[in-house]
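Hi,

Here is the structure I promised to pass on. Have a look at it first, and my notes follow underneath.

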Amino acid sequence: MSCILNIETSTDVCSVAVSQDGECLLNREDHSGPNHAVRLGVFVDECLSYIDSRGMVLDAVAVSCGPGSYTGLRIGVSMAKGICYGRQAKLIAVPTLQLLTVPVMFYHDTDDDALLCPMIDARRMEVYAAVYDRGLNERRAVQADIVDADTYRPLLDGHKIYFFGNGACKCMPAINHDNACLIEGIEPLARHMIPLAEKRMAQQQFEDVAYFVPFYLKDFVAKTPRNMLTP
């Protein structure tokens with residue numbers, strides 16, 4: 001049996017969920033704006049109290065690892081690492097763009113051969129995006145896109161693509177293709193992390209708590225000697 005605390009802070013939404021063996025037992029969400037510094041600690045305290053009051057053992061903390069808000073990711077990852085240190089729990093990293101696909105795959109009717117393109121807003125006409133099939137196989141890796149009519153045309157000419165996430169609405173007029181479909185209202189939420197976190201738990205796919213950093217810092221860390229990094 002696995003008990004996982006799921007933390008999501010990559011956008012303006014702050015959410016935390018407790019899961020056990022793939023079932024969501026407790027969920028807390030704040031959609032009122034970037035309030036992570038205020039709300040995350042409250043939500044985590046409630047969830048840890050819930051776990052303790054039922055005599056459960058926290059096995060792992062899953063955290064959204066980006067791309068996303070610089071401040072939000074720092075707050076979420078710092079909280080997750082602190083809990084892992086304090087509770088001797090494993091750390092699981094869930095890519096935000098994969099997380100965004102979960103509600104689309106589970107709760108929306110999409111063509112079986114269609115592709116999924118989650119987008120995180122990066123201001124102006126820029127987004128962080130990736131393209132997946134319905135098996136979450138990567139058809140195009142995560143990258144920063146300046147979106148115009150040609151950005152996704154090679155894939156759109158052969159497939160219907162569903163675009164979603166907080167960067168999608170602004171891009172649709174520029175994409176302007178018959179095979180481009182918009183799904184609105186898709187946000188990265190802790191309760192949607194559960195199947196991805198469970199899969200990583202089963203595969204023993206854990207992160208090094210001391211040296212793990214979210215998406216935006218990976219290039220920096222790759223070039224920095226470990227003895228110059230502060231755990």
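Let's start with the sheet. In this predicted model, 5 strands make up an open sheet, and going across it you meet them in the order β8-β7-β6-β9-β10. The pairing is mixed. At the edges sit β8 (138-146) and β10 (180-182), each of which pairs on one side only. From one strand to the next, the twist averages 20 degrees.

As a quick reminder, strands of a sheet pair through backbone hydrogen bonds, and they can do so parallel or antiparallel. For strand β6 (residues 115-121) and strand β9 (residues 161-164), the sense is parallel, with 4 bridges between them. If you want a spot to click on, take Leu 115: its bridge partner in β9 is Ile 161.

Next, the helix on that sheet. Helix α3 (residues 96-107) packs there and touches β6, β7 (126-132), β8 and β9. Its direction makes about 125 degrees with that of β6. How much of α3 is covered? Mostly covered is the answer, as 10 of its 12 residues are buried. Among them are Leu 97, Leu 99, Leu 100, Val 102, Val 104 and Met 105, but also Thr 96 and Gln 98.

Thr 101 is a good residue to zoom in on, and its place is in helix α3. With a relative accessible area of 0%, Thr 101 counts as buried, because the cut-off for that is under 20%. Leaving aside residues up to four places away in sequence, Thr 101 touches Leu 116, Pro 118, Tyr 132, Leu 136 and Phe 164.

For a contrast, try Gly 41, which lies in helix α1 (residues 36-53). Gly 41 is partly exposed, at a relative accessible area of 23%. Measuring sticks out, then: how far apart are Gly 41 and Asp 109 in sequence and in space? They are 68 residues apart along the chain and 36 Å apart in space, C-alpha to C-alpha.

Now the cysteines, since you may well ask. A disulfide is a covalent bond between the sulfur atoms of two cysteines. How many disulfides does a search of the whole structure find? The count is 0. Why does Cys 3 have no such bond? The closest cysteine sulfur to that of Cys 3 is in Cys 47, and at 9.6 Å it is too far for a bond, because the two sulfurs would have to be within 2.5 Å. Cys 14 tells a similar story: the closest cysteine sulfur is again in Cys 47, 10 Å away, so it is too far for a bond. Both residues are buried, Cys 3 with a relative accessible area of 1% and Cys 14 with 0%.

Last topic, the aromatics. The count comes to 3 aromatic pairs. One of them is Tyr 128 with Phe 215, an edge-to-face pair with 5.5 Å centre to centre and 75 degrees between the planes. It counts as edge-to-face because the angle is over 60 degrees. The pair links distant parts of the chain, 87 residues apart: Tyr 128 is in strand β7, while Phe 215 is in the loop between α6 (190-202) and α7 (218-222). Buried, exposed or partly exposed: which is Tyr 128? At 28% relative accessibility, Tyr 128 counts as partly exposed, and Phe 215, also at 28%, counts as partly exposed too.

Cheers

Note on methods
Residues are numbered from 1 along each chain as its sequence is written. This is a predicted model: local features need pLDDT of at least 70, side-chain atom pairs count only at pLDDT 80 or more; totals for chains, interfaces and linings use all residues. Side-chain values use heavy atoms; hydrogens and water are left out. Two strands pair if DSSP finds at least two bridges between them. Helices (H or I, at least four residues) and strands (E, at least two) are DSSP runs, numbered from the N terminus. Axes are lines fitted to C-alpha atoms, for helices over the stretch in contact, and angles run from 0 to 180 degrees between N-to-C directions. Contact means heavy atoms within 4.5 Å. Buried means under 20% relative accessible area, exposed over 50%, partly exposed in between (1.4 Å probe, protein chains only). Rings of Phe, Tyr and Trp (its six-membered ring) pair if their centres lie within 6.5 Å; planes under 30 degrees apart count as stacked, over 60 as edge-to-face and the rest as tilted.
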